[in-house]
Amino acid sequence: MSAPATATAPVHARGLVRRYGSRNALDGVDLDLGAGVTGLLGRNGAGKTTLLRSLATDLDVSAGRLRVLGRDPGDAAERTEIRRRLGYLPQSPEFYPHFTAFALLDYVAVLKELGGRRARHDEIRRSLDRVGLTARRHTRVRRLSGGMRQRLALAAALMGDPELLLLDEPTIGLDPEQRILFRNLVSELAVRSTVVLSTHQIEDVSALCQRVVCLDRGRVVFDGTPATLIGRARGHVWEQTGRPRDGVTTWRLADGRYRVLTTERNDPAPPGDRSAVEPTLEDAYLLLTGVERSAR
Amino acid sequence: MSWHLTPAQVDEYVSSTVDDVTAMSVEAHLMHCPPCRSLVPADEAWLADSWADLRDIVDRPRVGLLERALTALGLRQTTARLLTATPQLYRAWLVATVVVLAAALLSAHHLPRGSLLFAFTAPVVPLVGVAVAYGRGVDPAHTLTSVTPLAGQRLLFLRSCAVLVPALVMCTAAALLMPSPTTLWNAGFWLLPSLTLVAGSLVLSRWMHLSAAGAAVGGLWVLAMVLFAATDQISVLELFAPVSQLWWAAALAALVGAIVLRVRPA
Amino acid sequence: MKLLRRARRRAPSPDSTDAVLLAAVADGSTEALETLHRRHAPWLRARLRYRCSDPDQLDAALQETFLAVWKNAGSFTPRPGDPDAGAWLWTIAIRQLISQLRKRANRWIADSDSEPYETIGDASAEDTVLLNIEHGPLGAALHTLSPELRSAIQATVLDGLTVREAAEILQIPEGTVKTRVMRAKARLREALT
């Protein structure tokens with residue numbers, strides 16, 4: 001990867017471990033992230049949220065070396081410095097329901113130490129405008145829909161032009177149109193900042209990310225470009241008419257044929273009309289996690 | 001309107017190069033003629049600035065009574081905002097406090113040795129308030145704000161103040177309404193223990209969730225009460241005796257010292 | 001109150017009439033206020049500039065004007081068939097300018113009670129004639145007036161000020177305003193007959 005493997009990179013991690021009791025939610029993560037958008041993929045419980053919270057200085061790591069924006073999150077003063085330059089959208093954010101959208105952002109903006117009142121309010125208006133909530137700024141949070149709340153939380157993360165933007169499942173609750181707007185926004189932000197987003201929406205990753213990091217049981221199992229990940233799957237994806245044997249990942253397509261993902265290149269399959277197809281990122285991701293599953 | 005100004009006439013008017021009478025004529029016409037008014041050129045930069053200034057005044061979240069009162073008392077506007085943005089649990093705590101203190105007062109007035117109830121509860125009231133003031137689980141917006149620069153210790157202590165002030169005021173008021181608040185002593189004996197418990201939970205919160213710390217300290221207090229009640233040899237009131245107060249003061253000083261040491265480098 | 005009304009407001013467009021926009025402003029719409037500001041601030045500013053050369057005071061007066069619109073939009077009652085608020089806005093603007101000048105002049109004197117804003121009502125026949133000073137004999141007659149008499153007419157008839165307000169903006173005693181206006185009107189009547 002082109003990301004500089006130095007301690008001054010926006011994110012630099014070596015052997016990161018986070019323990020919960022006897023379980024390691026992060027189990028030796030090595031990662032260097034530079035500018036641009038990085039997608040974090042992995043099943044539930046793979047450690048995506050734990051990794052993002054560690055990067056966001058919300059969790060202490062149990063072992064390993066971590067530098068965020070060139071600073072040590074373990075040190076109180078440096079942690080505050082990181083937080084001044086950080087935007088974090090937590091998974092399923094919650095709010096004070098009796099606050100208006102504007103007042104809620106004002107509260108967050110005060111905590112973010114954003115300027116005097118005038119500068120703060122101008123920044124709030126700018127953020128509201130970016131996520132398309134200007135018309136609802138004086139609506140109380142409890143009257144906002146799920147998608148609007150998600151955008152409000154995104155607006156809170158965007159305030160203050162953070163250098164590092166950590167988004168935990170940002171597109172949950174957004175309709176297709178809003179997801180396009182979200183993608184435009186993120187790619188615009190990524191020109192100047194480092195964006196890391198965790199998601200189950202693989203289309204978001206294909207559309208947005210220059211880089212994909214796949215986590216499984218607390219370890220990095222893939223780190224590279226989406227094209228590389230797809231390349232790995234080439235030759236492993238088929239479409240056929242007959243029902244495939246058990247033990248392979250498969251589903252029935254709308255035209256009655258079956259799409260088959262198999263880890264073996266020369267899978268002894270039933271004869272008949274069977275054709276190799278170009279894999280998608282989703283195929284590649286499923287294959288990757290499928291490999292891990294069968295190895296268990 | 002039977003006639004209209006020419007763009008040239010409007011320009012001359014705007015650039016103040018017309019004589020008084022023409023200016024009067026133009027003005028009289030403009031007042032009632034929207035099409036000619038729209039010919040007046042708009043200085044876009046000025047217009048944008050002017051609107052931004054105006055919008056800043058008309059479009060800001062309404063400031064609550066409490067927040068305004070705090071600002072009037074001389075607090076910084078940002079501090080007032082942080083103090084008044086409190087989880088709903090805090091309001092529930094305020095209500096619960098009133099109820100508990102009222103019950104303690106009632107029992108003090110109507111039951112023999114009823115004033116003991118007040119002695120037990122008054123020191124715990126601020127502790128409970130602080131325990132529900134900050135952190136994951138009790139503050140809904142915590143996830144959204146936990147990694148902001150001001151979050152953590154500073155917000156925690158600000159919130160603690162938001163609890164301590166009303167708690168102490170309410171407890172003092174209750175103490176003054178007790179059956180025999182004849183001396184300053186009777187009104188304030190609970191103060192040092194109560195502050196010590198709060199400080200203890202704040203120090204503990206370094207290693208555990210603030211609510212858990214509050215529960216631990218509160219548990220210790222209840223345990224002490226039970227032990228004293230069981231032994232029968234020393235009265236519970238010994239805990240509030242002048243000598244004990246010295247111990248409370250010493251403990252409080254040590255705990256506050258620990259807190260100050262911890263907050264300062266942050 | 002405002003909250004309830006806000007719930008049933010319709011979005012006014014930039015092409016809406018002043019009356020519609022002001023109704024929306026009364027319902028708390030900042031968008032409508034922005035449209036009004038964009039529409040009216042330029043000409044109000046140009047006109048105020050003839051009466052005050054200090055740009056800071058001028059901008060302050062304009063800001064106060066639109067703040068007054070924000071607070072009092074509900075008090076605008078359009079005349080039948082005429083949704084235009086130009087005259088109403090002008091009466092607010094000129095009074096805000098006077099109050100700015102007054103603040104500058106006597107900072108230590110508290111603002112006197114402000115009078116309610118009203119559209120310039122039905123003017124007297126004489127004033128109506130004056131307001132139609134397009135071309136012709138009236139223009140010529142105005143030219144013959146001395147600058148002092150002209151400014152007195154301008155303040156009272158054109159700007160719609162009371163004698164007291166005219167005295168303030170012209171910085172002359174009220175009695176002088178009265179006599180100048182009387183003399184000016186007499187001259188004009190003479191010239192027109």
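The domain assignment of chain C, with bounds that come from an automatic or database assignment, gives domain 1 (16–109) and domain 2 (123–192). Their contact, where two residues count if their C-beta atoms, placed from the backbone, lie within 7 Å, takes 7 residues from domain 1 of chain C and 6 residues from domain 2 of chain C.

This is a predicted model, in which local features need pLDDT of at least 70 and side-chain atom pairs count only at pLDDT 80 or more, while totals for chains, interfaces and linings use all residues. Residues are numbered from 1 along each chain as its sequence is written, and chains are lettered from A and ligands numbered from 1 in the order in which they are written.

Between chains A and B, 30 residues of chain A are in contact with 22 residues of chain B. The largest share of the chain A side, 7 residues, comes from α3(A), helices being DSSP runs of H or I with at least four residues and strands runs of E with at least two, numbered from the N terminus.

The classes of two contact sides are tabulated here, with Ala, Val, Leu, Ile, Met, Phe, Trp, Tyr, Cys and Pro as nonpolar, Asp, Glu, Lys and Arg as charged, and the others, Gly among them, as polar.

| Side | Nonpolar | Polar | Charged |
|---|---|---|---|
| Chain A, touching chain B | 17 residues | 4 residues | 9 residues |
| Domain 1 of chain C, touching domain 2 of chain C | 3 residues | 1 residue | 3 residues |

Because 11 of the 11 residues of α3(A) are buried, this helix is largely enclosed by the rest of the structure; buried means 20 or more other C-beta atoms, placed from the backbone, within 10 Å of a residue's own. The cover over these residues includes α4 and α5 of chain A, together with α6 (77–84), α10 (142–145) and α11 (153–176) of chain B.

Notes:
Buried ≥ 20, exposed ≤ 12 C-beta atoms within 10 Å, placed from the backbone.
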